Amino acid sequence: MTTSTLDSEPMTTPADGGRRPRVVIDEVSKRFTITERKSTSTVQALDRVSLEVEDGEIVALTGLSGCGKTTLLRIIMGLEKASSGTVTVGDKVVTGCGYDRGLVFQHAELFPWRTALQNVEFGLEVKGVPADERRRIATEKLELVGLGNAMDRRPDQLSGGMKQRVGLARALSIEPEVLLMDEPFGALDAQTREGLQMEVLRIHRETGKTIVFVTHDLDEAVLLADRVVLMAPNPGRVDTIFDIPIKGPREDFFAIRGLDEFAHTRYAIWSRLMAGVHGDAPREEER
Amino acid sequence: MSIASSTATTAETAEAGRGFWRRFLWNRRYTFVTIASLVVLMLAWEFFGRRMDPIFASYPTDIAKTFKAEVQDGTLQTALFDSLKPLALGYLIAALGGIPLGLVLGRYRIVEAAFGVYITAGYAMPMVAFIPLLILWFGLGFSVKVAVVVVMTVFPIVISTWAGVNSVPKSLVEVGKSFMASEAAVMRKIILPSTVPHIMTGLRLGIGRAVIGIVIAEFFTSIGGLGGLIINAGQQFDTSALFVPVVVLMALGVGLTRGVGWLESRVAPWYAGVSGGRDPE
Ligand SMILES: Nc1ncnc2c1ncn2[C@@H]1O[C@H](COP(=O)(O)OP(=O)(O)OP(=O)(O)O)[C@@H](O)[C@H]1O
Ligand SMILES: [Mg+2]
């Protein structure tokens, strides 16, 4: 297993076979100004975060609450502007949202007045895809996430897990190269979550999309990701990047959870996370 | 179980029929309570009303008699239409002007800063105070009635729509942005549908105020309409004739408000599923 702090990692150059990373986050900082009744204060949500994500790679962002995971994801999406630094997706510097990226929101954020199918059609509608084409693609995406039988239901008639699937189908509808997900399965029960994780792996295998997702669940991070980026708060920054040494297909969670590599990597991330909570290094009695 | 019928099939239909009626009655149990309450009130009114001086009070059967007479000679219909026409036109103008205004006020800070105060002030102040001014501007005819209805109705419609836009979750707008929706598309596909329940609330509040508005306008101008009938009857101490338009107005107010409520459930059926309100029985 290789772990490397980002400071010591050199920037990847196009020299290695001419392959460019899909997403390049270069020294991104974000300061929020908070205006209270009289005073204004600033929060350093992100401090010079750099990260590269290869084409087709799955990267998990994790870390304590408030370390800037959501902020980073929103900056990649183009919903938030970085105070300094740049994000490049493909060969374009991000200045706003774009059809090359799709975001799955933490709480699905479906339009309550639209049926599942119409929700998935939304992005295509805005993009100007003709109606019959729209319907065809939306149906296909809903079937992809296993919701072929609930297409005409409104969100209030869907379960939490179903809503998340619709959100996923909606993000996939415009065929983004990069799929961004903010704690997509956080609020679900263990079984539903595993089902959706499996779904994501299958979609990844079929489409080869680059995926960046936020999670608090270390199991989920290690199960799905090629690399896990552990972030630290105050100011929000990259703490450690863990390469996940599990190779080959990931769908057999049962087997993977039994692997030594799984346990070791998970432990390594966990102890590093705890070091951040308790001080510099995990103390002996907590081991 | 029924033992009245000898064959299984007729027993079943009888059972099903009885079940149907039982369900029919049970489903409407609250309606029956309402009706019972009304009947008790009517009986009490009839009983005590007959005992009082006819100059001060009337009673249901007497009102019904006058009602019939006024329908037969056509005065009631004429008055009703005289009131309904400006009411409908004024309400329409208020809705068509108020909804877009509310949407723009809610969506654009700068518009809110520029015009929000007037709307808040207009909503808070009793619009009756402006009627003399409106009479100066519009005279004593049809147009002043329309103007009063507009002035009475437009503010609740604007305020509700405006508040509705403010309560659109920011995250839904961000969904629009994440798909690169234009401002027009955000307005039409996200803000407007999301605000529909609030707009309908405004329309429901507005219709009640429109009825109040039309009566007040007719009191002030004392020409035509149901308000005119009331004033005339009052001046002639004809109490039962006074109650006829009052009852009609009551029915009108309730009916129109119900109508808008029904429209609400048709236009935004999804809202019942996400709001904390009770399901309709
Ligand atoms: N719009 C905002 N205005 C002001 N401060 C903000 C805003 N958004 C985020 N912050 C601050 O930035 C920091 C990082 O927030 P962020 O939501 O990115 O954390 P997170 O890692 O996603 O946390 P969690 O795991 O709890 O979701 C926090 O301190 C937060 O208070
Ligand atoms: Mg977050």
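Buried means under 20% relative accessible area, exposed over 50% and partly exposed in between, with a 1.4 Å probe and protein chains only. The model is predicted, with local features needing pLDDT of at least 70, side-chain atom pairs counting only at pLDDT 80 or more, and totals for chains, interfaces and linings using all residues. Residues are numbered from 1 along each chain as its sequence is written, chains are lettered from A and ligands numbered from 1 in the order in which they are written, and side-chain values use heavy atoms, with hydrogens and water left out.

**Exercise 1.** Determine whether B:K189 is buried or exposed, and find its polar contact.

*Solution.* Begin with the location, which is helix α9 (residues 183-221) of chain B, helices being DSSP runs of H or I with at least four residues and strands runs of E with at least two, numbered from the N terminus. Next, the relative accessible area of B:K189 is 17%, so this residue is buried. Finally, its side chain makes a polar contact with the side chain of A:E125 at 2.5 Å (a pair of N or O atoms within 3.5 Å; within protein, one must be able to donate a hydrogen and the other to accept it, and residues adjacent in sequence count only if both atoms are side-chain atoms).

**Exercise 2.** Describe the surroundings of strand β10 (residues 227-232) of chain A.

*Solution.* Six of the six residues of β10(A) are buried, so the strand is largely enclosed by the rest of the structure. A:R227, A:V229 and A:M231 point one way, whereas A:V228, A:L230 and A:A232 point the other way. Strand β4 (residues 58-63) of chain A runs parallel to β10(A), joined by five bridges, and A:V59 stands opposite A:R227.

Note on methods:
Two strands pair if DSSP finds at least two bridges between them.
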